Amino acid sequence: MTDYLRYFLILLSSKAALISMGFVVITALAWLKYGAGSLSWGGRLRRSGAVNVGLVIFNGATLGLVLYATTVLLHLMQAVPHVPEGFWLGVPWIIQAFAALFILDFTNYWLHRWAHANAWFWPLHAVHHSDTDLHFLSSQRAHILEWVVTMPLVAGAAFLCGLSVEGVAFLILIRELHQFYVHSRLDWSHGRLRHVIADPRFHRWHHVDLPEAHNKNFSLFFPFIDMAFGTYYVPGPAKGLATGFEDNPGDRLVPLLLYPFRSWAKLASAPRRKRSSMQAMD
Ligand SMILES: [Zn+2]
Ligand SMILES: [Zn+2]
């Protein structure tokens, strides 16, 4: 067995373990909150779930691209002045964890905001927004090329701040579990803590396809970052509001994988003036 195949199988089984854990916890919470009726998965939800699992497999098989891009960038950044790793040694672990999560989320906030504002980046991120039936597996809906762009930059920011690779990997794992939760069908608010840790209602509003909800709630973990930059928007419950976007390729794996290329071809052939108006719509 080649090293790559072995690595892929390890990755896939850990992902399957994570998904199973997410499924059990979210299902239990939904059952407690809404009763047994909330546990049934209709046809549309099943189709969406199947596409998201398909993307988990496809992205796992091509994750080497992300690792390669990250390795190249980190190698180039060795020459850039940065905080030494020893800087964090005497700092209590709870402050370290909070600071690291903040650095990751702050970097992610601007990358996410850029993904919505830039006409060429949007088609990659649009794949994540294509789910019209948001559920916990929607967190897994992403185009591998979006990760090729964003993950090296997030790793680069962590490196500049002197964070250890192992520590960041652990935090990303925690964040992944939290992403299951915020994409779930639980329309929960954290009440007084709603500005401190993102809840499902906060992130669902990010996906809602209404003009007033566009370009809002970019942070993944800390909503106070959105508050600081004027992009926080949670006017009330979001359950039942449509998610997705116009020109959505829907729940079909191959059209989703090809969507960025189709969009780029359209953008490249569009006159300059039309291009900027398309960007404004995102
Ligand atoms: Zn987004
Ligand atoms: Zn999302």
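The following paragraphs describe the fold, the packing and the local backbone features of a predicted model.

The predicted protein contains eleven helices and zero strands, and its elements, read along the sequence, follow the pattern α-α-α-α-α-α-α-α-α-α-α. For 282 residues, a compact globule would be expected to have a radius of gyration near 19 Å, and the value of 19 Å computed for the protein agrees with this expectation. Along the principal axes, the C-alpha atoms fill a box of roughly 50 × 50 × 50 Å. Buried residues account for 29% of the 282 residues. Of the contacts between residues at least 6 apart in sequence, 72% join residues at least 24 apart.

Confidence in the model is given by a mean pLDDT of 87, with 93% of the residues reaching 70 or more. Among the elements, confidence is highest in α9, at 98, and lowest in helix α11 (residues 272-281), at a mean of 49. Over residues 275-282 the pLDDT stays under 50, and for this stretch the model has nine contacts beyond four places in sequence. Where pLDDT is low, the predicted coordinates should not be read in detail.

The N-terminal part of the model offers a simple check of helix geometry. Helix α1 (residues 3-34) comprises 32 residues and should, at 1.5 Å a residue, span 46 Å, with which the separation of 45 Å between its end C-alpha atoms agrees. Just after α1, Gly 35 takes a positive phi of about 85°.

In soluble globular proteins, nonpolar side chains tend to be buried together. The largest nonpolar core of the model holds 27 residues, of which Ala 100 and Ala 158 touch the most other members. Two or more residues are given to this core by each of the elements α4 (93-117), α6, α7 (165-183) and α8 (200-207), and the contribution of α7, with five residues, is the most. When residues up to four places away in sequence are not counted, Ala 100 touches Leu 163, Gly 167, Val 168 and Leu 171. Apart from this core lies another, of ten residues, which includes Ala 115, Trp 122, Val 127 and Tyr 259.

Helix α10 (residues 253-269) was examined both for its geometry and for its packing. The 17 residues of α10 should span 24 Å at 1.5 Å a residue, and the distance of 25 Å between its end C-alpha atoms agrees with that figure. The helix nevertheless contains a kink of about 45° at Tyr 259, shortly before the proline Pro 260. Both Tyr 259 and Pro 260 are buried, as is Leu 256, and the buried residues of α10 pack against α2 (43-61), α5 (122-129) and α6 (144-160). Leu 258, which is also placed in α10, counts as partly exposed because it has 13 C-beta neighbours inside 10 Å. Leu 258 and Cys 161 are 97 residues apart in sequence, and their C-alpha atoms are 36 Å apart in space.

The packing between α5 and α10 can be followed further from Leu 124, a residue of helix α5. Leu 124 has 23 other C-beta atoms within 10 Å and is therefore buried. With residues up to four places away in sequence left out, Leu 124 touches His 143, Leu 145, Glu 146, Val 149 and Pro 260. The C-alpha atom of Leu 124 is separated by 9.7 Å from that of Trp 264, although the two residues are 140 residues apart along the chain.

Two loop residues were also considered for their backbone conformation. Most residues other than glycine have a negative phi. Asn 217, in the loop between α8 and α9 (223-228), instead has a positive phi, near 55°, and is buried, since 25 other C-beta atoms lie within 10 Å. Asp 247, found in the loop between α9 and α10, likewise has a positive phi, near 70°, but counts as partly exposed, with 14 C-beta neighbours inside 10 Å.

How values were computed: Residues numbered from 1 in each chain as written. Chains lettered and ligands numbered in written order. Predicted model: local features only at pLDDT ≥ 70, side-chain atom pairs only at ≥ 80, totals over all residues. Helix = DSSP H or I, 4+ residues; strand = E, 2+ residues; numbered from the N terminus. Rg over C-alpha atoms; globule rule 2.2 N^0.38 Å. Buried ≥ 20, exposed ≤ 12 C-beta atoms within 10 Å, placed from the backbone. Contact = placed C-beta atoms within 7 Å. Expected span 1.5 Å × (residues − 1). Bend = angle between axes of the 7 residues up to and from the residue. Core = buried A, V, L, I, M, F, W, Y, C linked by C-beta atoms within 7 Å. pLDDT = per-residue confidence, 0-100.
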